[in-house]
Amino acid sequence: MAPQVDLVLIFRSSPGKVLSKPQARENARQAAQQYTRLLEVFKNGRLHVVGKRGEKEGQLLVLVHCPQSTLTRLVRRERYSDFLCGLPTTNPTGTRDLNEEPLSAADRLRLVHTYVTSTPADGGLGVAPGSSSWDRIESVMVLHDHTFNESWIRAWTTRQLGFVKFDKIREQFGEAVALYFHFLSFYTKHLLFISAVGVLFYLLALPYSTLYSSILLLWSVTFVEWWRIKQRVLSVRWGTKGSFRVEKRRAQYVPLAWWRKDLRLLASLPVFLLFASVLATILTGIFVFEAFVTHLYTGPGHRFIGFSPTILFVALVPRVLAIYHSYAVRLTNWENHGHQSTHDGSLTVKTFSLSAIVAYLGIALSAFIYVPFGEEVMASVQHYLFYRHTPLHATARIWLSSVFSALPLNVTAPFNATVDTKGSGGGSSRTFWEKDTSNARGKLSSTRLQDQMFAFTVTNQVIGTFTEIGLPFILRAVESLRSGKGLSLAAPAAGANGGNGNGKKKRVMFEDQTAEAEAERLANQEEEREFLDRVNREVALPDYDLFSDYSEMVTQFGYVTLWSTIWPLAPVMALVNNWLELRGDAFKITVHVRRPIPTRTDTIGPWLDTLTFLTWLGALTNSALVYLFRPRDHCKPVGTTLSHAHRHLSTPSASTEEYLMSALLIALAASHGYMLLRMLVRHTLERVLWRGSTEEREAERVETVVKEQYLRSLGVADVVSAEDNAAEVGSEGSSEGKASAFWSHDEGLDELTRGTKDA
């Protein structure tokens, strides 16, 4: 039987680079000292621990198991902490029999992980990656339960159209992962309505419909406010409401004055603004180059020049995001957050803000620059390229001349030669650039917005699904070939055997050993070897990143909310993608990444504020899009919205600048209307979904129940009994009546009767 391992710590004994002999001896001494101290800390903490050799050089795997007695103590201590902080708990002074009431797998792993990684001040061992005291610990992980994984994937594959119940997810992966799957399922179900509406308006209504944009805004506000109540209901059901109050401090936390913390938070703003400006400049330059310059070039290779913006984007934008992310991580660590939830929330806001610029700036430039000002921008680009003389232009012309002079004559001759056709009554010449203004304006695309929406909601999501599901298999095969194990596409977490350790070694049997003992010993060794192979395969997997899953869904929600007025089929594409995403994320968690470490939470954190912000921004963009591009002649054009030209002028005499200013004022008015709509929707949903619900009564009852149970444990169980209170009041009245006749004679009725007779 395989040993039960709760945690696996990856301990690095060498830095992974070549060291001199004195440096190697010093490194070995420090590693042995820290490893010995680590074992002593675990043993003093009443945990079972053993170290095993890892696959990589200089890597040790420290396997940790929590015995029943220590686990019982951790459960009792968590009950005390929950009771003191106001979380729902039962019988805080009692002892839970784990044999009769066993913990779920997630609760067990969460308790052990919290005990190991929390600070000694919070009752933990303080062994956490990133801590200055344990700089050789790379990470802490938990092992997969392959029996559950297989049944979970089988449940997704057998249920083709519906949704798998998520009751077991919380028991295996904790509240944070279960809350994500609830959110994804909730969002997908809500997409059914707006998808049906989008199909109807796509087939039957005018493009940029006012009614569709209004329904879209109401749907987005309703979804966000409904989810706000839904996560509250789930937190009450799971008993995690207010769990942030019992969160342990990070091992890296250092107490600082409040004003120092605030100054460190403000220091991140200039860095974000700098990178946002750089990124916006790069994206705008790529946009101008792709939308205008590439259409003006008619020289050699003009058919392939359209790929250059994509090459520039791939070469520049990911690099800028990677540099910014490294700075964002450093700044977030420097901000010195006391709890992991606030640390992750701060990093989430920093990272997603820049990612949103990449996601939405291109289509915003097309909607509010390319379509209204396309002809003017094209003319400005032509003037800048062909009629403006600066040293930069002269240098560019000389460089281009030298480049094209190196090309064969049969390539450049058609563009440099002047064909004289005077005999036929005319002449013509061809150059590398389109200088004719009317021809250049004719190259502007009237369906650019719809094409971009199709690319964002279909192409990008297909690529994202392949990156999550298919690409890890390819990378694993490449790594297997590089390590000399041969081509292998097997999933590490699915129990596939690796390339190492397959050969069986010959063993010598002594005469005093029986065959049964030797067979048992060999079986145990084989089982242990297979178990360690599985551990090594899971160690090689990357950590599960909940941020990327939330970021993908929130970005998609932004496309639907902000821009689906352009292409009403965007919600349908999102619905199809999310149906696959539910299954893809389950497959990714069980196969491609390490098992998520369970954590308690009662909210999706800063993502809820991000959704709220996107709904507000959607009110602005939808109102502006409808005002600028909705047809004014009330005649249904022929074809679908993919082929409609944008009609942003209602009369020939109106100027584009006037319409943009009017659109801005309408967007501001829509912002105020959004605030009123959100207040109305929130009030209505609170009344319908929360007030009087079982969860609300449970939330109100839980504090009283906990205190009553505590009083009963002290032997004063009858203090809240109404019957006893009434009996006590009656007995007190009789005793006081015997003591004094003052309270026995009432003159009120006599006085009222006499007044009636006098009248």
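**Notes on a predicted model: strands, cores and side-chain pairs**

1. Glu 138 has a relative accessibility of 42% and therefore counts as partly exposed, since that class covers values between the 20% limit for buried and the 50% limit for exposed. Please keep in mind throughout that this is a predicted model, and that every value quoted here is computed from it.

2. Glu 138 has a charged partner, for Arg 12 forms a salt bridge with it, and the closest N and O atoms of the two are 3.9 Å apart. Arg 12 belongs to strand β1 (residues 7–12) and Glu 138 to strand β4 (residues 137–141), so the pair ties together parts that lie 126 residues apart in sequence. Arg 12, with a relative accessible area of 25%, is also partly exposed.

3. The strands themselves deserve a careful look alongside this salt bridge. Strand β1 is joined to β4 by four bridges, and the two run antiparallel; within this pairing, Ile 10 has Ser 139 of β4 as its bridge partner. Strand β1 is also joined to strand β3 (residues 59–65), here by six bridges and again in an antiparallel arrangement, with Leu 7 standing opposite Val 64 of β3. Five of the six residues of β1 are buried, so this strand is largely enclosed by the rest of the structure.

4. Which residues have the most contacts inside the largest nonpolar core? They are Phe 181, Trp 563 and Ile 604, and the core as a whole has 94 residues. The element that gives the most to this core is helix α10 (residues 340–387), which supplies 15 residues. A second core, separate from this one, has 28 residues, among them Leu 47, Leu 74, Leu 98 and Leu 109. As general background, nonpolar side chains in soluble globular proteins tend to be buried together.

5. The surroundings of Phe 181 can be listed if one leaves aside residues up to four places away in sequence: Phe 181 then touches Trp 152, Phe 166, Ile 169, Leu 582, Asp 585, Ala 586 and Ile 589. The student should notice that this list of contacts includes Asp 585, although Asp is not one of the residue types that can be counted in a nonpolar core.

6. Is His 190 buried or exposed? Its relative accessibility is 14%, so His 190 counts as buried. His 190 lies in helix α6 (residues 175–204) and, when residues up to four places away in sequence are not counted, touches Trp 219, Phe 223 and Trp 226.

7. Helix α6 returns when one turns to the aromatic pairs, of which a search of the whole structure finds 33. In one of them, the rings of Phe 186 and Trp 227 have centres 5.5 Å apart and planes at 50 degrees to each other, so this pair is tilted. Phe 186 lies in helix α6 and Trp 227 in helix α7 (residues 210–238), so the pair ties together parts that are 41 residues apart in sequence, and both of these residues are buried. Phe 275 and Tyr 327 form another tilted pair, 5.8 Å from centre to centre with 45 degrees between the planes. This pair links distant parts of the chain, with Phe 275 in helix α8 (residues 258–296) and Tyr 327 in helix α9 (residues 308–334), 52 residues apart. Phe 275 counts as buried at 14% relative accessibility, whereas Tyr 327 is partly exposed, with a relative accessible area of 40%.

8. How many salt bridges does the structure hold? There are 23, and helix α16 (residues 515–539) contains Glu 526 and Arg 529, which lie three residues apart, about one turn of the helix. These two form a salt bridge in which the closest N and O atoms are 2.5 Å apart. Arg 529 also meets Asp 533 in a salt bridge, at 3.0 Å from N to O, and these two lie four residues apart in α16, again about one turn. Glu 526, at 27% relative accessibility, counts as partly exposed, as does Arg 529 with 26%, while Asp 533 counts as buried at 11%.

9. Two further kinds of charged arrangement remain to be mentioned. Glu 78, Asp 82, Asp 107, Arg 110 and Arg 600 are linked in a network of salt bridges. Arginines are also placed over aromatic rings: Arg 37 lies over the face of Trp 134, at 4.2 Å from the ring centre, and Arg 232 lies over the face of Trp 690, at 4.8 Å from the ring centre.

Technical notes
Residues are numbered from 1 along each chain as its sequence is written. This is a predicted model: local features need pLDDT of at least 70, side-chain atom pairs count only at pLDDT 80 or more; totals for chains, interfaces and linings use all residues. Side-chain values use heavy atoms; hydrogens and water are left out. A nonpolar core is a set of buried Ala, Val, Leu, Ile, Met, Phe, Trp, Tyr and Cys residues joined through side-chain atoms within 4.5 Å. Buried means under 20% relative accessible area, exposed over 50%, partly exposed in between (1.4 Å probe, protein chains only). Contact means heavy atoms within 4.5 Å. A salt bridge is a side-chain nitrogen of Lys or Arg within 4 Å of a carboxyl oxygen of Asp or Glu. Two strands pair if DSSP finds at least two bridges between them. Rings of Phe, Tyr and Trp (its six-membered ring) pair if their centres lie within 6.5 Å; planes under 30 degrees apart count as stacked, over 60 as edge-to-face and the rest as tilted. A charge sits over a ring if NZ of Lys or CZ of Arg is within 6 Å of the ring centre and within 35 degrees of the ring normal.
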